[in-house]
Amino acid sequence: MIKPNRHYSELKSSYLFYNIAQKTKAYTDSNPGTHLLRLGIGDVTLPLCNEVITALHKAVDDQADKSTFHGYMPECGADFYKDAVQNYYKSRGIDLENDEVFVSSGASDELGDILDLFDSDNTTLIMEPAYPAYVDANIIAGHKIIHFPSDASVGFAPVPDKDVKADLIYICSPNTPTGAVFTKEKLKLWVDYANENGSIIIFDAAYEAFIEEEGLPHSIYEIEGSRTCAIEISSLSKTAGFTGTRCGYTVIPKTLEREGMNFNAMWVRNRTTKTNGVSYILQRGGASVFTENGLKEIHENIAVYKRNAKVLMDALDELGIWYCGGKNAPYIWFRCPDGMSSWEMFDLLLNKAQIVGTPGEGFGKCGEGYFRLSMFGDPDDTKEAAKRMKELLKK
Ligand code: MLT
């Protein structure tokens, strides 16, 4: 008799963003024709930039000509794509070897798939509030989970506790949902902890392009000692509007080993077995993001999203509501007024102002009482949402 993965029964009945989509659909079904102001899931609203569109068109044409046609791509990534990522890191002073870079279909796939590298008998530390897929993917993998809470007193960027022993540690910086960014000093504490305990850090860098303050680390590899304890997972989804296009990258240093096993070599073995890579067309589009013009254009789009954040932050300031984020990350994390729970806030905003946000409780127990707004909405919708929030929440 087949034995199903029993860990699925330990999951919550549905995934946070699916749950919100269902609730939102129920609202529009009973209020047909309503235009919702969508500031929930971090999905981009601006189209791909010209540099990417041109590269994608050209790659499609390449596939139409026998002399430039590509069949299977190298499973771990085309050299032109890995070179582009390698040069991007080099521009920030980080030296990677070309085969330390792996192409991926985006961070969310990779953050779970990477667990293939680790025995099920491991303990994973998840700093909460956290992206819910970390928890779910680790439950499915059979790992024990340490829910490591954080709060505003540490700026939602906690430091290690030497009495808490974890094998795998997820760090998301800039952070979803709180927008917190770990300083180099805080990351160094985690790197030292990981090297001392033989742990591995999974560093989620999906939001690095949103950092605007000088001196904050964009990559874990800016931290001394990280090449022996960290894997970095990143994505073009938010950086370059690839949520519906799908392309990302993962970095695994060749120096990353435990018990005589090399994680870079293991991931090569995994990818060559489990994938046929990412399509030629998408890798061409992805590589174009890292050209001079590509980087200029994606930052023009990011500036539009930052203006959205400013509109929302001004509204919260006017209302006297505490919040963080919005500056170096595409999310604003605010404290629900009047002791409201985060799902009460969700229902209030949806029913009275037709705004969709994300309740903090969905990111872990310590997210209760908080609410997340995404800055990726349409600019006009965002202005309207700010106006409606001011009307609805003013005393
Ligand atoms: C989010 O809203 O946190 C993200 O967009 C979800 C995701 O990347 O899967």
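This passage walks through a predicted model, from its nonpolar cores to its strands, its ligand and a few notable loop residues.

A good place to start is the interior. The largest nonpolar core holds 75 residues, and I114, F118, I202, I231, I252 and F334 have the most contacts inside it. The biggest contribution to this core comes from helix α10, spanning residues 292-319, which supplies eight residues. Apart from this core lies another one of 47 residues, with Y81, V101, A205 and V251 among them. I231 gives a helpful view of the packing: leaving aside residues up to four places away in sequence, the residues that I231 touches include I114, F118, I202 and I252. The contacts of I231 also include L117, F203, Y221 and L256, as well as T250 and V251.

T250 and V251 lead on to strand β8, which covers residues 248-251. G248 and T250 point one way from this strand, whereas Y249 and V251 point the other way, and all of them are buried. Strand β8 has an antiparallel partner in strand β2 (residues 101-104), to which four bridges connect it. In this pairing, V103 of the chain stands opposite Y249 in β8. Strand β7 (residues 230-235) also runs antiparallel to β8, again with four bridges. Here E232 is the residue that faces V251 in β8.

Elsewhere, four strands form an open sheet in the order β11-β12-β15-β14, with antiparallel pairing. Its edges are β11 (323-325) and β14 (358-359), each of which pairs on one side only. Two bridges link β14 to strand β15 (residues 370-374) in the antiparallel sense, and P359 stands opposite F371 in β15.

The ligand comes next. Its surroundings are made up of F17, I41, G42, Y131, T176, Y207, K238, Y331 and R372. Oxygen atoms of the ligand take part in several polar contacts. One such pair places a ligand oxygen 2.6 Å from a polar backbone atom of G42. Side chains join in as well: an N or O atom in the side chain of Y131 is 2.7 Å from an oxygen atom of the ligand, and a polar side-chain atom of R372 lies 2.7 Å from an oxygen atom of the ligand. On its own the ligand has 270 Å² of accessible area, and the protein covers 82% of it.

Some of the loops deserve a visit too. N175 sits in the loop between β5 (168-172) and α6 (184-197). N175 counts as buried because its relative accessible area is 7%, under the 20% limit. A polar atom of the N175 side chain lies 3.1 Å from the backbone oxygen of C172. Not counting residues up to four places away in sequence, N175 touches P129, A180, A329 and Y331. P129 belongs to the loop between β3 (123-128) and α5 (132-140), and the peptide bond leading to P129 from E128 is cis, with omega near 5°. Another cis peptide bond joins T176 and P177, with omega about 10°; P177 is placed in the loop between β5 and α6.

Finally, two residues other than glycine have positive phi values. R246, with phi of about 75°, lies in the loop between α7 (237-240) and β8. R246 is partly exposed, at 25% relative accessibility. Q354 has phi near 55° and is found in the loop between α11 (342-353) and β13 (355-356). Q354 is buried, with a relative accessible area of 18%.

Notes:
Residues are numbered from 1 along each chain as its sequence is written. This is a predicted model: local features need pLDDT of at least 70, side-chain atom pairs count only at pLDDT 80 or more; totals for chains, interfaces and linings use all residues. Side-chain values use heavy atoms; hydrogens and water are left out. A nonpolar core is a set of buried Ala, Val, Leu, Ile, Met, Phe, Trp, Tyr and Cys residues joined through side-chain atoms within 4.5 Å. Buried means under 20% relative accessible area, exposed over 50%, partly exposed in between (1.4 Å probe, protein chains only). Contact means heavy atoms within 4.5 Å. Two strands pair if DSSP finds at least two bridges between them. A residue is near a molecule or strand if one of its heavy atoms lies within 4 Å of it. A polar contact is a pair of N or O atoms within 3.5 Å; within protein, one must be able to donate a hydrogen and the other to accept it, and residues adjacent in sequence count only if both atoms are side-chain atoms. Accessible areas come from the Shrake-Rupley method with a 1.4 Å probe; for residues, only the protein chains shown count as cover.
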